[in-house]
Amino acid sequence: MNRLFSKNAPFFNLGVLYLICSFILRIILLFHPITNVHFSALEIVKFIVIGCLSDLFVYSVASVLLWLYLLFLSNSKYDKPWGYIIFGLLVLLFIYVYFFNTILNEYGGSLPEIGQSFIGLKTFLFGLLLVFPRWRKTLRLVLFSITVFIFCLVIIQNTVSEFFFWNEFGVRYNFIAVDYLVYTNTVIGNIMESYPVIPLFTLVGLLSITATYFVVKRCQPFLEKLPTFSQKIKGLVLYSLLFLISLVLIPRLDKLENSTNVFTNELQANGLYRFYLAFENSELDYETFYPTLPNDQAFALLKKQLPQIKGKSVLQNCSSDSTEIHKNIMLITIESYSSEFMKEYGNSQNLTPFLDSLATQSLQFSNLYAVGNRTVRGLEAVTLCLPPTAGESVVKRKDNKNKFSTASVLKQKGYSINYLYGGDAFFDNMEDFFGGNGYNIIDKKKLAPNEITFSNIWGVCDEDMAKKAIKVMNEQAKSRKPFFNHWMTVSNHRPFTYPDQKIDISPCTKSREGGVKYTDYALRQFFTMAQKQSWFKNTVFVIVADHCASSSGKTELPTYNYRIPALIYSPGFIPPQNNATLVSQIDLMPTVFGLLHFDYQSKFYGQDVLKANYKPRALIATYQDLGLIKDHILTIISPNRKVKQFSLQLKPVEGLSNDFDIYYDQLPLNQKRTDLIHETISYYQTASWLLKEKKYEKL
């Protein structure tokens, strides 16, 4: 047998540990109080046998990093001259990442320090093993033990995590587990408050140390005589075959989860593979995890907000008694732009002098809430105008094309449609989504080299994209057709780098404040150029943030972290005023269509908020907590069919108008408002059902 597969090899021993942990976990979950169903003997045999096979193949795929480590375990690489050549290259690499500007520096944050630390440590350890051959055996044993401990810790920690996930939800990993990685701070806080963390982590640590001791002891013969180069090649060929076979068999075993007993399927499943599927599918089934109503009742409740709808449909007629006005529309969604950056909302740092000025010349919505806290949620809101359904945004789902959207309405009116983005639209699946919904995409790939003056890892600076937008609109104007352009900015995003000497905050600070102020500067340049164009007076400009700069807070949905600026600017057409009505991000484009007196058939949940029959409400959500703000009450529905309600009590700021006060105390409601709970369910249940049944397609 090849030494890399022998009983003394790390691959074998860590595999045994993983299979034992998985088997024990399966038995514990079988007898867990949540698993309150009866299993036949055949069902138990099925989920244990197929489950163990699935665990084996999943381990074979997941151990690819272990194999990379084992392949580079060698004594010969320290022989002259190769040892010194490799060490020299590592030193040069460390000097490069430490003293020069690399892709790690462009991204910013803690990534440069992480990269420098990793390469520095690798260089230092390689140097020790090279210079002190007498210590090599001892040092390798120590480093090998540390590596094995990390693998043991991951295996045991995952086993414990799966138990607690089952304890909470009664299922294997799903999109909620993916969500936990996104909201790490919130999740860690929840764990700290919910479980005896110190004893639990101590136990995990002790189990990992114990497992490490036995694995290292069994692997001593492997370390004493490392595999030769030819043995490694043969082992790699064998592992590659096992890897490919596992890739084929894992999804086939997954299809055998076909029992009518849901718990049988869950116990048979492998948690890591379920986690992978959650990334791929990006959805969280509403009916499985959230409080529900009979569908007929849910749509009947929705009808109170959308009076024209009938049956299980949101189709409605939007009409006007005035002549349609086919003005051009320029929608600008600004990256991570909280209301609190603006002077009217109490900011004293003068970060947004241009938008502060533009707000006084615009129809401003001072009480508008973003639906979510990710860019794709904001893009979904202004494009599809529907509530943020559980799981990932529609933008990132496979079934994201040919939806009823702002573009589908405008195409019927003869508009040309563009989506402009300073980065690569492949990111966040934007290219697939916008391209699949009728947009012509203009991103960084479409810019000529002479059109780029500055770029970072995130894309070209907002000034460059502003100039490109002007060029695009000038070309569109030649066709004498109305145009709709949607520009998504990028500069107010980590690493917060931008051209030097544009604003009074140096880009070297890589600060949020600098990113905000530079984007404001770039918008000023855009409007300065736009005012000189022939199409300017015939254009409606819509400016709104995609989401706030921060999302975490003391509660599941801290309302102040969803309050965003929104302006509709069209001098000579739309009179300046502030509208303090409670508004959702999904209402913005239907309101624009109302101002243009459009007649159209709509499937939007978003409404023209200037209509007399509009009932104020706002929808805010994370990937799993779905909220409704109405009547100064925040209602939240969550997985496990949980419901919470909070009274929103304004915290006035001295010298600030209530219209621009964004902070509220969220106090638990003593007596539940059942009507608002049902209304919340109606929004999210019907939206999820329409998407699932493919009834939100374009007309």
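In this predicted model, H597 is partly exposed, with a relative accessible area of 23%, and the residue sits in the loop between helix 23 and strand 14. Its backbone deserves attention, since phi of H597 is near 60°, a positive value in a residue other than glycine. A comparable case is K510, whose phi is positive at about 50° although K510 is not a glycine either. K510 belongs to the loop between strand 9 (483-488) and helix 22 (512-530), and with a relative accessibility of 31% it counts as partly exposed. A further backbone feature concerns the peptide bond from K80 to P81, which is cis, with omega near -5°; P81 is placed in the loop between helix 3 and helix 4.

Beyond that loop, the surface carries a nonpolar patch of about 1,100 Å², made by W82, I85, L89, L92, L93, I95, Y96, Y98, F99 and F100. Of these residues, F100 is located in the loop between helix 4 (82-99) and helix 5 (103-107).

The helices can be followed next. Helix 2, which runs over residues 41-62, comprises 22 residues and reaches 31 Å from its first C-alpha to its last, close to the 32 Å expected at 1.5 Å a residue. Its buried residues are E43, F47, I48, I50, G51, S54, D55, F57, V58, Y59 and S60, and they pack against helix 1 (10-30), helix 3 (64-71), helix 12 (229-255), helix 13 (262-268) and helix 14 (271-281). For helix 12, the 27 residues should span 39 Å at 1.5 Å a residue, and the end C-alpha atoms are indeed 39 Å apart, so the two values agree. The residues K232, G235, Y239, S246, I250 and L253 are buried in helix 12, and the buried residues of this helix pack against helix 1, helix 2, helix 3, helix 13 and helix 14.

One of the buried residues of helix 2, D55, also takes part in a salt bridge, where its side chain meets that of R26 at 2.7 Å, N to O. This pair links distant parts of the chain, with D55 in helix 2 and R26 in helix 1, 29 residues apart. Are the two partners buried or exposed? D55 has a relative accessible area of 2% and is therefore buried, and R26, with a relative accessible area of 1%, is buried as well.

The structure holds 28 salt bridges, and other pairs among them can be placed in the chain. K396 forms a salt bridge with D428, the closest N and O atoms being 3.2 Å apart. K396 lies in the loop between helix 18 (375-384) and helix 19 (406-412), while D428 lies in the loop between strand 5 (416-421) and helix 20 (430-435), so the pair ties together parts that are 32 residues apart in sequence. The partners differ in their exposure class, because K396 has a relative accessible area of 31% and is partly exposed, whereas D428, with 18%, is buried. In another pair, the side chains of R617 and D587 meet in a salt bridge of 2.8 Å, N to O. Here R617 lies in the loop between strand 14 (600-602) and strand 15 (618-621), and D587 in the loop between strand 13 (583-584) and helix 23 (588-595), so that distant parts of the chain, 30 residues apart, are linked. Both R617 and D587 are buried. In addition, D399, K403, K694 and E697 are linked in a network of salt bridges.

The nonpolar interior remains to be described. The largest nonpolar core has 138 residues, and those with the most contacts inside it are I329, L355, F526, F527, F541, I568 and Y605. Helix 24 (residues 674-692) gives the most to this core, with eight residues. A second core, separate and made of 36 residues, includes C21, V58, F144 and F222; of these, V58 is among the buried residues of helix 2.

A single residue can illustrate the contacts within the interior. L358 is found in helix 17 (residues 353-359) and counts as buried at 3% relative accessibility. Leaving aside its neighbours within four places in sequence, L358 is in contact with F527, I543, L567 and Y569. The C-alpha atoms of L358 and P576 are separated by 9.6 Å, although these residues are 218 residues apart along the chain.

Definitions and conventions. Residues are numbered from 1 along each chain as its sequence is written. This is a predicted model: local features need pLDDT of at least 70, side-chain atom pairs count only at pLDDT 80 or more; totals for chains, interfaces and linings use all residues. Side-chain values use heavy atoms; hydrogens and water are left out. Helices (H or I, at least four residues) and strands (E, at least two) are DSSP runs, numbered from the N terminus. The expected span of a helix is 1.5 Å times one less than its number of residues. Buried means under 20% relative accessible area, exposed over 50%, partly exposed in between (1.4 Å probe, protein chains only). Contact means heavy atoms within 4.5 Å. A nonpolar core is a set of buried Ala, Val, Leu, Ile, Met, Phe, Trp, Tyr and Cys residues joined through side-chain atoms within 4.5 Å. Patches are made of residues with over 30% relative accessible area and no salt bridge: like charges are joined within 9 Å, nonpolar side chains (Val, Leu, Ile, Met, Phe, Trp, Tyr) within 5 Å. Accessible areas come from the Shrake-Rupley method with a 1.4 Å probe; for residues, only the protein chains shown count as cover. A salt bridge is a side-chain nitrogen of Lys or Arg within 4 Å of a carboxyl oxygen of Asp or Glu.
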